[in-house]
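These are my notebook entries on a structure that I went through piece by piece. I wrote down what I looked up and what I found.

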Amino acid sequence: MNPLSRTDAQKQADEIRIFQKELARLEREGVLTLTESQHTALAAHHNGLLARFTQTFDIDRDARGKQLSLGMRVASFLGALALAASVFFLFYQFWGRFSVPAQVTILLIATLATFTATTWIQRVDATGYFTKLAAMVAFACFVLNIVMLGQIFNITPSDKALLPWAAYALLLAYVCDLRLLLAAGILCLIAFVSARTGTWSGMYWLNFGQRPENFFPAAFALFFIPQLIRHERYAGFASIYRVFGLLTLFLPMLVLANWGQGSYLDLDPNVLEGFYQILGFSGSALAIWLGIRRNWSDVANSGVVFFVIFLYTKFFDWWWETMPKYLFFLVLGLTAVLFLFILRRLRAAAIKTGESAS
Amino acid sequence: MMTRTRFIIAGTALILATNLVALAGVAYNHSGEPESILKLSQRELSLPYYAINQHDNSGISLSLRWRTLHVGSDTRNGFGVNYASWRDASAWLDQAKLAALGFDVSKPVDSTEGRLHYNKLLSKEVLLVLELDGAAYQSALARAKEAAEQEQSLFAANPDNPKLKERAKTANDRYLQETQKNSRLFAIDAGLDNTALRAKYADRTRYLIVRGQVRPQLNEVDHKPHLTGYISRLSIEEVNVPLSFRPLFEPMLRESGRRTQSVPHYEVTLTYGKRLEPWISAVHVKAGAQ
């Protein structure tokens, strides 16, 4: 059976490499001995698989290849951002020298051309690095297209522009299997849903950030998208949705836990801050529990990070002014140790549950 | 997974549809009778404060300078750009007007609950009426003149007092600035219904209806809390200069880059369409400006 994506192919290649190492160890220790014909058949099978994966997906066949691959991922990420910025500044540098029809035509042609280039590069680029660069530039061109139309014709700023941007980024993300574009699309969606939530309460849409509760509907929607839409074909996509969902939930909670006046609720700010602190602690603890239970490491790790941030923020409020600094940091250190013990017990319990289930 | 053909069709359709919607909006804005046509000078539409060759942005845009008439007789709101961003309260933007604009002003201002409520209210986008060279500007001019005359008579009574001399000079400079440099465009009213506002302010060459943001605030007046509103900004404050008018502004920008004291003089015909979005329809540079 052919793997579905490059990530699946890479995963299977890694498993083959681990299997080969383990087999060699078992043979050395005399636990298992394969006949010469079995060896030959196994090697031929594995080599055939790896050759096919390399040809189709350009996977890393060894650890050195993986290290270089990580470097290429970083380079393509930074390159994508830099090229997107370059497109912005290139147009800004010269747009004032063109007539309005020429400006509109250039913007439209640039957007269509970069989109076409992305579709072509995706077809010939097995690694995905160059596709990522091209897709990011295409997205930047589309954003620039709409922003500049607004500037050229003095159009009233509107949150509606976020919708086509989100749709375009998600289209590129799903078709080209690009997590960077998925993140861009999710950010546009977060901004749009939060702005709409804000305008329903009567505020001007650009002020949506001043009421952190505006982000909560988007947070819940993002967290549950992977439950409603299956993402098996898209490695890492479900995880990105969940992490963005948690960030969109816990960051506003963290703000409200320290700035009660930012809430919609007409209550005493101190009461609101206490309420959001409790909500933050219980929410992040719930995320840890859910992450362990569902085997979602991203959710469990995000929960741990936010639980620690909520805890340390409280420690800072309570003791930074009153405690000697050495004692303050000692308390932080001891809390971290206590946290390690709790997580170790949770992990042991999870392993035990897994063993009894199997 | 989506096939390549469907991907190309979907992407192209999305790009074309988005551009089409945006351009259709522009065409609608430009269609029919303009909402308003005002002839504004450099006092109301100012050049950017940078030289053209010092920026990565080759576009030129003009900034709309507008003001509000301060509640009291204070004449200080005659300087700077967009003076209302100082949160100066307008006399007309009172509690009743805020209620008409849809703000919940039912809570008593002198209670803890009220203070909490009003401090939390955020900006709302409403329609603002801007008046060019009308009664509001005449009031500002009269106040500046009165202040200058008062300071002058104080100094005349005490000619040896250097502080009074300085104050008289400052007040006179302010008066001159009010007559020659300050914007004559004043925000005088707000509402939610364009038709109703236009019926009240029918002169399309004097009254501009634009979108802007209004926010309530609690002030202290005679040591008592007083609810009023302020205009935080207009939704469109920059107007793009098309290529056809660019040669008229480029020499002025180069001049401003040299930090000379000369002020360019021009008249821009600013047209607002059905969607209350502006465009420059004519520019006339006055003699000696370049």
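Entry 1, a pair of strands. I began with B:E131, and I found that this residue stands opposite B:F186 in β5(B). I then looked up how the two strands are joined, and β4(B) and β5(B) turn out to pair in the antiparallel sense over six bridges. I keep in mind throughout that this is a predicted model. When I checked how covered β5(B) is, I noted that seven of its seven residues are buried.

Entry 2, the sheet around this pair. In which order do the four strands of the open sheet in chain B lie? I read the order as β5-β4-β6-β7, with antiparallel pairing. In chain B, β5 (185-191) and β7 (224-234) stand at the edges and each has a single partner strand, so one side of each is left without a neighbour in the sheet. I also looked up the turn between neighbouring strands of this sheet, which is 50° on average when direction is ignored.

Entry 3, the middle of the sheet. Over how many bridges do β4 and β6 of chain B pair? I found eight bridges between strand β4 (residues 124-132) and strand β6 (residues 207-221), which pair in the antiparallel sense. As one example of a partner, I noted that B:V126 is bridged to B:G212 in β6(B).

Entry 4, helices on the sheet. Helix α3 (residues 112-120) of chain B packs on the sheet, where it touches β6 and β7 of chain B, and its direction makes about 150° with that of β6(B). I then turned to helix α4 (residues 135-157) of chain B, which lies across β4 and β5 of chain B and runs at about 130° to β5(B).

Entry 5, a short strand with two partners. I looked up strand β3 (residues 61-64) of chain B, from which B:S61 and B:S63 point one way and B:L62 and B:L64 the other way, and I noted that all are buried. I compared this with the general rule that in a regular strand the side chains alternate between the two faces of the sheet. Two bridges join β3(B) to strand β2 (residues 45-46) of chain B, and these strands run antiparallel. Three bridges join β3(B) to strand β8 (residues 238-240) of chain B, again running antiparallel. I followed B:S63 in both directions: this residue is the bridge partner of B:S46, and B:S63 also has B:E238 in β8(B) as a bridge partner.

Entry 6, one serine. Is B:S36 buried or exposed? B:S36 is found in strand β1 (residues 36-41) of chain B, and I list this serine as buried because its relative accessible area is 0%, where buried means under 20%. Leaving aside neighbours within four places in sequence, I found B:S36 in contact with several residues, including B:R198, B:R204, B:Y207, B:L270 and B:Y272.

Entry 7, empty space. My search of the whole structure found four cavities of 30 Å³ or more, and about 50 Å³ of space lies in the largest cavity. I saw that A:T156 helps to line the largest cavity together with chain B residues, among them B:V210, B:R211 and B:Y272. I sorted the residues of this lining into five nonpolar, two polar and one charged.

Entry 8, chain B overall. I noted seven helices and ten strands in chain B, and buried residues make up 50% of its 290 residues.

Conventions. Residues numbered from 1 in each chain as written. Chains lettered and ligands numbered in written order. Predicted model: local features only at pLDDT ≥ 70, side-chain atom pairs only at ≥ 80, totals over all residues. Heavy atoms only, no water. Pairing = 2+ DSSP bridges. Axes fitted to C-alpha atoms, helices over the stretch in contact; angles between N-to-C directions. Contact = heavy atoms within 4.5 Å. Buried < 20%, exposed > 50% of the residue type's maximum accessible area, 1.4 Å probe, protein only. 1 Å grid on protein atoms, 1.4 Å probe; cavity = no way out; pocket = protein on both sides within 12 Å on 5 of 7 lines; lining within 4 Å. Points joined across faces, edges and corners; volume = space filled by probe spheres on them. Nonpolar A, V, L, I, M, F, W, Y, C, P; charged D, E, K, R; others polar.
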